[in-house]
Structures are given as structure tokens and as C-alpha cells.
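Let's take a walk through this structure together, one part at a time. Have the sequence and the 3D view at hand, and follow along at your own pace.

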2 protein chains.
Amino acid sequence: MDREAARDHVLDAAEELFYGRGIQAVGMDEIRSLSGVSLKRLYQLFATKDRLVEAYLERRDLSWRRRLAEHVESCDDPEGRIIAVFDWLELWFGEPGFRGCAWINSYGELGATSATVAAQARRHKQAFGRYLETLTDGAHLPRDLAGHLLLLAEGAMVTAGILRDPGTAAQARAAAGLLLESARRTRPPAPAG
Amino acid sequence: MDREAARDHVLDAAEELFYGRGIQAVGMDEIRSLSGVSLKRLYQLFATKDRLVEAYLERRDLSWRRRLAEHVESCDDPEGRIIAVFDWLELWFGEPGFRGCAWINSYGELGATSATVAAQARRHKQAFGRYLETLTDGAHLPRDLAGHLLLLAEGAMVTAGILRDPGTAAQARAAAGLLLESARRTRPPAPAG
DNA sequence: GTTAGTGGAGAACGCTCGTTCTCCACGACG
DNA sequence: CGTCGTGGAGAACGAGCGTTCTCCACTAAC
């Protein structure tokens, strides 16, 4: 197994275990068992557990935002794209093993003791917020709306994780629709032609 | 120091440390140091650390909901009470040492490994949700609104904790105002008299 | 065939921490 | 005055875990 493949296996195992059970609850031995990569090699790839955690959050950030963007961009209507964010949340919440947002959970676990984890959570949420702004910009709607949608989406992630209520995403989408409608009223679309 | 006073001191220390730094990051020795209660006595009051965590979350649940209710009930207007929830969030977010919601953080840390903590987080959020329903009921507004407000409030707690943006509560209040307005439009207040 | 190098398996080390134990000071009672 | 019980301080124990080390099998070059 070459270096890249080993790295991927380790990160796959880390993501499954850290996300599913929490970071502190998972030992390096378990990462080894699940990844099939020896402890020696593991420490050659990631010098410390902290580094592995960092790489896990980093890789998940890229894939999470890519998956969201791919779903949203399958919709052509600018306002429809905004709603599509919440459709995607619903898909995500329904995935087996869903356990809330990895960054919210990591922040709760390590935000107070690890500046790195706190910064990664902050960056991830800022990136998500900026993405929502590109969507409201694209629909010629005020950026305030993006901020409101961010709060709704974050609340939905938390609530879906803790309450395990499958209706949470639909609730969030409904609220997003109402906010979008309010925003449209204050700034109607530019006249066609 | 009698049993009750010792118990209070221990819970005060536990709340300060667990909330401020995370549960797993704080050892029983530190609880002893800060509370001034000997380890022996501490274990007489709480047989295990798990029990202490349980008692911490339990007591904080009661005080958090009481503080919220006291602020909300200082307002007489039924719709004003709904907005007052978000005013109180702003006060809370501004308190020194604010670090997000204790239950969201605990759930992120221990939700996957402790059924007790997961259940306490769930109960706390359900109680908050029911409280919001009493407020929408009181204003003769649909319960859907309460669900939407819950998501906004949860999102605000998470975002304020992670992003440390002091404008978060105001954003949430503005969004709540828009949702309230939408809801009022669909179900106008009963005619006076 | 011998040897040097690589990598795997897992034992070992050192630290942290939850929990228990030891020892001692002190006050109450005979 | 002696002794017994209570409670405090903190040492000690045992488990878990991050990290390192040891040992060995295997391969390739000469």
C-alpha cells in the first residue's frame, strides 16, 4: 500500500470514528484497527493525534462544501438554489449515522482547549456563511437574508442531531421560504429585459 | 460546612469548569480545588463523575429556563414576549465567559457515548421548544412559528459561540421579527371586544 | 548465502485521571 | 486522660491512551 492510499485509509477511519463517537472517545489504536495501517506508519503520516484531527476536519470541510455545492448547482433558478440548500440538509440529516455537524460537535468537545479546532470550526462556518451570501447575491437579495439563513441552517443541524426529529429540515426549509419571501418583498427582482 | 452548602459549592465549581473548559478536560481534582470540598466528601455527595455531570446539567437547566422566563415575563405584550426571547439571548451572549450552549457542547462531547447526557440535551431542547409554543399560543400564532423560532435560537447560540460575532443575536431577532410578521399575516389577531 | 533495510505487530513507557485508601488531627464522651 | 468516630489532605492504585520501542519476517543487492 503506497503512502497516498495509506493516508486515505487512515482519514477514512478517522472520519468514521471521530464523527461517530467523538474525538476524545477514539484512540489511535482504533484508527489503526479500522484503517489497517500500522501504528508506525500512522505516526509517519500524522506526527500526532492533533495533526490527524486537523487533517480530518480539513478534508471533511472540503467534501462537505463540495457535496452541498454540487446539489445546489443542479438547480438553475437563483431563488431555487437558496431553497435547495435546505433540501440538501434534509438529505444529509437522513443519512445513516448522521450525528449533527462535525464542527459544532468538535467545537463543543475541544473548542475551549484547542485553538486549532476552534479556528477550524470558525473558518468552516464562515465559509458556509460566505457561500450563502453568494446565493443571495445571485438572487439579488439582501445579504441580511444570508445571515438569517445561516442561523436557520445551523439551528437545523443542531436540532436534527439532538432531537433526531426527521421533520426538522422541512421546518427549516419552510422558515427559509418565509424569510426569502420577506426579503423579496423589500427588494423585488429587476424587471425582465 | 453542612451537606447542602458543600453540594452547592461543588455544583458551582462544576458549572464554572465544565461549561468553561469542557467536561472531559476537567478532572475531579480541579473540582475539589475550586470548590474547597475534600475528595472524600465530594464522592459522598456524588458517587461518580457521571453523577456530578448529570447534576450539573440538571441544575443548569432549571436556572437557564428560569432566567429566560423571568426576562420574558417582564414583558406584557404577547408578541413582545416572543421578541424578548431574543433580547435575552443577546444579554446572555454578552456575558463574560459565554461559550455557547452547555447542552449543545455537552452533546457534541459526550452525546455519542453517554445516553444520559444525550437524553438530558434532548429534554432541555424539548422543554425550550415547548416554552416557545406557550409563547406562540399566548399570541394566538401558529405552532409552526415556535418551531421556526427554535431553529433560529439554536442557530444563534451555535453561531455566537463559534463565530464570537456580537451581532448574532440582533440578526436572530430581526429574522424572528420577520417570521412573526409572516405568521401574523396568515392568522390575524382575534377582533377586540 | 549473507546482510542491510523496510515495514508490521504489538509490547512497553509515561502520563493523566477517576476512584479508593492511608494517615492524622480534632472533638466528644466516658 | 484515653479512645473512638469524623473528616480532611493527599498518596496510591488501576485503567486508558498517546507515543515510542523492540523484535521479527521479508526482500533485494552483492
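**From domains to DNA**

Three salt bridges link domain 1 of chain A and domain 2 of chain A. Please keep in mind that what you are looking at is a predicted model. One of these pairs is worth finding on screen: A:E15 forms a salt bridge with A:R60, and their closest N and O atoms are 2.9 Å apart. The two domains also share nine residue pairs in polar contact, with both partners at pLDDT 80 or more. On the side of domain 1 of chain A that touches domain 2 of chain A, you will find seven nonpolar, three polar and five charged residues.

Where do these two domains lie along the chain? The domain assignment of chain A gives residues 1-47 to domain 1 and residues 53-186 to domain 2. Their centres, taken over C-alpha atoms, are separated by 27 Å. Where they meet, 15 residues of domain 1 of chain A are in contact with 13 residues of domain 2 of chain A. About 1,300 Å² is buried between the two domains, and carbon and sulfur atoms give 54% of that area. In domain 1 of chain A, the residues that lose the most area to domain 2 are A:E15, A:Y19 and A:I23, which together make up 58% of what that side buries. A:E15 is also the residue you just saw in the salt bridge with A:R60.

Now zoom out to the whole of chain A. Its secondary structure comes to nine helices and zero strands, so to trace the chain you go from helix to helix, in the pattern α-α-α-α-α-α-α-α-α. Along its principal axes, the C-alpha trace of chain A spans about 65 × 35 × 30 Å.

Next, look at how chain A meets chain B. Here 40 residues of chain A are in contact with 40 residues of chain B. The area buried between the two chains is about 3,400 Å², with 68% coming from carbon and sulfur atoms. In chain A, A:Y107, A:L151 and A:I162 lose the most area to chain B, together 21% of what that side buries. How many salt bridges are found across the interface of chain A and chain B? The rule finds zero. There are, however, five residue pairs in polar contact between chain A and chain B, both partners being at pLDDT 80 or more.

Which helices of chain A take part in this interface? Those that give two or more residues to the side touching chain B are α1 (3-21), α6 (102-110), α7 (115-138), α8 (143-163) and α9 (168-186). Of these, α8(A) gives the most, with 13 residues. By class, this side of chain A divides into 17 nonpolar, 15 polar and eight charged residues.

Let's move on to the DNA, beginning with strand C. Both protein chains are found around DNA strand C: chain A brings A:R32, A:S38, A:K40 and A:R41, while chain B brings B:V26, B:G27, B:M28, B:L39, B:Y43, B:T48 and B:K49. Of the strand C atoms within 4 Å of the protein, 54% belong to sugar or phosphate and the rest to bases. Individual side chains show both sorts of approach. An N or O atom in the side chain of A:R32 is 3.2 Å from a base nitrogen of DNA strand C, and a polar side-chain atom of A:K40 lies 2.9 Å from a base oxygen of that strand. A:S38, in turn, has a polar side-chain atom 3.0 Å from a phosphate oxygen of DNA strand C. The elements that give two or more residues to this surface are α3 (39-45) of chain A and α3 (39-45) of chain B. The surface near DNA strand C has four nonpolar, three polar and four charged residues.

Finally, turn to DNA strand D. Around it are A:V26, A:G27, A:M28, A:L39, A:Y43, A:T48 and A:K49 from chain A, with B:R32, B:S38, B:K40 and B:R41 from chain B. Sugar and phosphate account for 54% of the strand D atoms that come within 4 Å of the protein. A polar side-chain atom of A:Y43 lies 3.1 Å from a phosphate oxygen of DNA strand D, and an N or O atom in the side chain of A:K49 is 2.7 Å from a phosphate oxygen of the strand. From chain B, a polar side-chain atom of B:K40 lies 2.9 Å from a base oxygen of DNA strand D.

Terms used. Residues numbered from 1 in each chain as written. Chains lettered and ligands numbered in written order. Predicted model: local features only at pLDDT ≥ 70, side-chain atom pairs only at ≥ 80, totals over all residues. Heavy atoms only, no water. Domains from an automatic or database assignment. Contact = heavy atoms within 4.5 Å. Buried area = accessible area lost by both parts, 1.4 Å probe. Salt bridge = Lys/Arg side-chain N within 4 Å of Asp/Glu carboxyl O. Polar contact = N/O pair within 3.5 Å; in protein donor to acceptor, adjacent residues only side chain to side chain. Nonpolar A, V, L, I, M, F, W, Y, C, P; charged D, E, K, R; others polar. Near = heavy atom within 4 Å. Helix = DSSP H or I, 4+ residues; strand = E, 2+ residues; numbered from the N terminus.
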